[in-house]
Amino acid sequence: MIELHFCEYNRSNHDYDTIFRPSGSGDYLLLLLKTPMKVYGKEGLSVTRENACILYTPGYPQHYQAVRRFCNSYLHFSSDENPASRFCLPENQVFYPARPQELDPYFCRLQQEFFSASPYREEAAHCLATELFIALSRSLAHPAGRKEEMAALYPSFQKLRLEMLSNCEQDWSLERLCRAVSLEKSQFYSYYHSFFSSTPKNDLLQVRLEKAKNLLSNEALQVSEVARLCGFGNLAHFSRYFRKYCGYSPRAYREVSSSVCMYSDSRS
């Protein structure tokens, strides 16, 4: 559970302001530095660009000073688990998220939730903080050397993948996918794999088969109709892929699933 102790969004201090806590703050501190800062760490001084982040762990010295204007967003919190380990984030060092603009709404909503008197605000704050750390982790999951290019392409790929998987019954040819993001086939495959650690074919096949498992529970549908609704134009291909994926033929899976449901009902 992530418990907020204090947080602020786009907080401005006076110019050249310094934060110096030799023994840390006693809790975790996540900083999003909106202006350049001088950050003093165990390995010396570094001067950050805008939108640098630091995740300080409890007890670690905190020492930073604005180059001139001081503006940051931050949250002090405690957690049952070190978020650096949980979300594969650097700790006690400067790092740069690829899409810092995506983080602002989380800090803003966390501040609103923290100062609210709404029911379940602790639970809401925990969920928002978790989403913030997920967004941070995902923004760092790009290979070095292509971060700017990949950051620019990622939203288009994410949108296209969501459209493809949400409409898995459609014909998603490689030509159609490439045309949607204006890339050649080799480029498209390279970026897709970098973003999602998979291929369009594998992602589409998995979603189609998961959808088929759900539709097969509806005994009003023929197996051939299930195949069509999941984007399989050939019943034999559907049966072969389904057996490989689930270990049963579609008809056998329907019978087994029905038997399990009947058994559960009889015990309820």
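What follows is a walk through the fold, the salt bridges and the aromatic contacts of this predicted model.

Start with the overall picture. The protein chain comes to 10 helices and 9 strands. Its C-alpha atoms fill a box of roughly 70 × 55 × 30 Å along the principal axes. The radius of gyration is 25 Å, whereas a compact globule of 268 residues would come in near 18 Å. Of the 268 residues, 38% count as buried. About 15200 Å² of the protein chain is exposed, and carbon and sulfur atoms supply 49% of that area. Among contacts with a separation of 6 or more, 72% join residues that sit 24 or more positions apart.

Next come the charged pairs. Searching the whole structure turns up 9 salt bridges. One of them joins Asp-104 to Lys-34, with the closest N and O atoms 2.9 Å apart. This pair links distant parts of the chain: Asp-104 belongs to helix α2, while Lys-34 is in the loop between β3 (28-33) and β4 (37-41), 70 residues apart. Both Asp-104 and Lys-34 are buried. Lys-34 also turns up among the residues touched by Asn-72. Asn-72 itself lies in strand β8, residues 70-79, and counts as buried because its relative accessibility is 2%, under the 20% cut-off. Leaving aside residues up to four places away in sequence, the contacts of Asn-72 also include Tyr-9, Asn-10 and Arg-11, along with Leu-31, Leu-32, Leu-33 and Tyr-64.

A second salt bridge brings together the side chains of Arg-161 and Asp-203, at 3.1 Å from N to O. Arg-161 is in helix α4 (residues 147-166) and Asp-203 in helix α7 (residues 200-215), so this bridge ties together parts that are 42 residues apart in sequence. The two partners differ in exposure: Arg-161 counts as partly exposed at 26% relative accessibility, whereas Asp-203 counts as buried at 8%. Glu-225 and Arg-228 make another bridge, at 2.6 Å from N to O. Here the partners are 3 residues apart in helix α8 (residues 223-229), so about one helical turn separates them. Glu-225 is partly exposed, with a relative accessible area of 28%, and Arg-228 counts as partly exposed too, at 48%.

Arg-161 leads on to the aromatic side of things. Besides its bridge to Asp-203, Arg-161 lies over the face of Phe-196, at 4.8 Å from the ring centre. Phe-196 is a member of one aromatic cluster, together with Tyr-154, Phe-157, Phe-188, Tyr-189, Tyr-191, Tyr-192 and Phe-195. Elsewhere, Arg-176 lies over the face of Trp-172, at 3.5 Å from the ring centre.

Across the whole structure, the search finds 23 aromatic pairs. Among them, Phe-6 and Phe-115 pair edge-to-face, with 5.7 Å centre to centre and 85° between the planes. This pair also links distant parts of the chain: Phe-6 is in strand β1 (residues 2-13) and Phe-115 in the loop between α2 (104-114) and α3 (121-139), 109 residues apart. Phe-6 counts as partly exposed, at 33% relative accessibility. Phe-232 and Phe-238 form a tilted pair, at 5.1 Å centre to centre with 50° between the planes. Both Phe-232 and Phe-238 are buried.

Definitions and conventions:
Residues are numbered from 1 along each chain as its sequence is written. This is a predicted model: local features need pLDDT of at least 70, side-chain atom pairs count only at pLDDT 80 or more; totals for chains, interfaces and linings use all residues. Side-chain values use heavy atoms; hydrogens and water are left out. Rings of Phe, Tyr and Trp (its six-membered ring) pair if their centres lie within 6.5 Å; planes under 30 degrees apart count as stacked, over 60 as edge-to-face and the rest as tilted. Helices (H or I, at least four residues) and strands (E, at least two) are DSSP runs, numbered from the N terminus. Buried means under 20% relative accessible area, exposed over 50%, partly exposed in between (1.4 Å probe, protein chains only). A charge sits over a ring if NZ of Lys or CZ of Arg is within 6 Å of the ring centre and within 35 degrees of the ring normal. Contact means heavy atoms within 4.5 Å. The radius of gyration is taken over C-alpha atoms; the globule rule is 2.2 Å times the number of residues to the power 0.38. Accessible areas come from the Shrake-Rupley method with a 1.4 Å probe; for residues, only the protein chains shown count as cover. A salt bridge is a side-chain nitrogen of Lys or Arg within 4 Å of a carboxyl oxygen of Asp or Glu.
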